[in-house]
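Me: Hi! I have a protein chain open and would love some help reading it. Can we go through it together?
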Amino acid sequence: MRYHTIRKMDISNGPGVRVSIFFQGCAFHCKNCFNSETWDFEKGKEFTIETIDKVLDLCGEEYIKGLSILGGEPMHPINIEGTTTLAQAFKEKYPNKTLWVWTGFLFEQLEGKDVLNYIDVLVDGQYKDELHDPRLKWKGSSNQRVIDVQKSLKQNKIVITE
């Protein structure tokens, strides 16, 4: 598994100042994807325990509100194990900070996956260029959903949030 980049101060991928990691590799190849350089599973840097430690250390700053995981595709079968490991480590160390994840998969396709137990907000659905709207908050196209994962799991139905 590989990652593309880590941003130690990101203000565009979730509320507040956050740490973001962009995983490498995506099979969706959405038209006009904002991050097409992350499509190739062979590029980027190796994702290791040291990578997790680095991300967790960066998240320790008091002004950091949480961690955002994007891609590429963090929920692709090649990446989901690493995503889950990072998500679990983050929530164990920082239970009061939020974890946001962006994926082209739908929430329904991820049901039963352990990773959902650690995610606060999931932005799901593939980017659709014909539905692009720059006024949307946290998502690129109107088909995508911003889901409160923990409420959704408790209520056994999708709960949309802002």
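Reply: Happy to! Let's begin with one term: a contact means heavy atoms within 4.5 Å. Keep in mind that this is a predicted model.

Me: OK, so what share of the contacts with a separation of 6 or more comes from residues 24 or more positions apart?
Reply: That share is 57% for this chain.

Me: And which helices and strands does the chain have, in what order?
Reply: There are 4 helices and 7 strands. Starting at the N terminus, the order is β-β-β-α-β-α-β-α-β-β-α. The radius of gyration is 15 Å, close to the 15 Å that the globule rule gives for 162 residues, so the chain is as compact as a globular protein of that length.

Me: What does the C-alpha trace span?
Reply: Along the principal axes of the chain, the trace spans about 40 × 40 × 30 Å. Of the 162 residues, 47% are buried.

Me: Let's look at the strands. How many bridges join E1 to E2?
Reply: There are 5 bridges between E1 and E2, and the two strands run antiparallel. One place to look is Ile6, whose bridge partner in E2 is Ile21.

Me: What sits between those two strands?
Reply: E1 and E2 form a hairpin, with 6 residues between them. In the turn you'll find Gly14, which has a positive phi of about 115°.

Me: Which way does E1 run relative to E3, parallel or antiparallel?
Reply: Antiparallel: strand E1 (residues 2-10) is joined to strand E3 (residues 45-46) by 2 bridges. Arg2 stands opposite Glu46 in E3.

Me: New topic: Arg18. Where is it found?
Reply: Arg18 belongs to strand E2, which covers residues 17-23. Arg18 is buried, yet it has no salt bridge.

Me: Why doesn't it count as having one?
Reply: A salt bridge needs a side-chain nitrogen of Lys or Arg within 4 Å of a carboxyl oxygen of Asp or Glu. For Arg18, the nearest side chain of opposite charge is Asp120, and that is 6.6 Å away.

Me: What does the side chain of Arg18 make a polar contact with?
Reply: One partner is the side chain of Ser68, at 2.8 Å. The backbone oxygen of Asn13 also lies 3.4 Å from a polar atom of the Arg18 side chain.

Me: How many salt bridges are there in the count?
Reply: The count comes to 5. Among them is the one where the side chains of Glu108 and Arg145 meet, at 2.7 Å from N to O. This pair links distant parts of the chain: Glu108 is in helix H3 (residues 107-110) and Arg145 is in strand E7 (residues 145-148), 37 residues apart.

Me: What about Arg145 and Asp124?
Reply: Their side chains meet in a salt bridge too, at 2.6 Å from N to O. Here Arg145 in strand E7 is linked with Asp124 in strand E6 (residues 121-124), and the two are 21 residues apart.

Me: How do Glu108 and Asp124 compare: buried, exposed or partly exposed?
Reply: Glu108 counts as partly exposed, because its relative accessibility is 39%. Asp124 is buried, with a relative accessible area of 0%.

Me: Is there another pair I could look at, and which residues are in it?
Reply: Try Arg135 and Asp133, whose side chains meet in a salt bridge at 2.9 Å, N to O. Arg135 is exposed, with a relative accessible area of 72%, whereas Asp133 counts as buried at 17% relative accessibility. Going back to the earlier residues, salt bridges that share partners join Glu108, Asp124 and Arg145 into one network.

Me: Last topic: unusual backbone spots. Which residues does a cis peptide bond join?
Reply: Gly71 and Gly72, with omega at about 20°. Gly72 is in the loop between strand E4 (64-70) and helix H2 (80-93). For background, most peptide bonds are trans, and most residues other than glycine have a negative phi.

Me: What about phi at His29 and Trp138?
Reply: Neither is a glycine, but His29 has a positive phi of about 55° and Trp138 has a positive phi of about 75°. His29 is in the loop between E2 and E3, while Trp138 is in the loop between E6 and E7.

Me: Are those two buried, exposed or partly exposed, and what are the values?
Reply: His29 is partly exposed, with a relative accessible area of 44%. Trp138 is buried, with a relative accessible area of 17%.

Conventions
Residues numbered from 1 in each chain as written. Predicted model: local features only at pLDDT ≥ 70, side-chain atom pairs only at ≥ 80, totals over all residues. Heavy atoms only, no water. Buried < 20%, exposed > 50% of the residue type's maximum accessible area, 1.4 Å probe, protein only. Lys, Arg positive; Asp, Glu negative; His and termini not counted. Polar contact = N/O pair within 3.5 Å; in protein donor to acceptor, adjacent residues only side chain to side chain. Pairing = 2+ DSSP bridges. Rg over C-alpha atoms; globule rule 2.2 N^0.38 Å.
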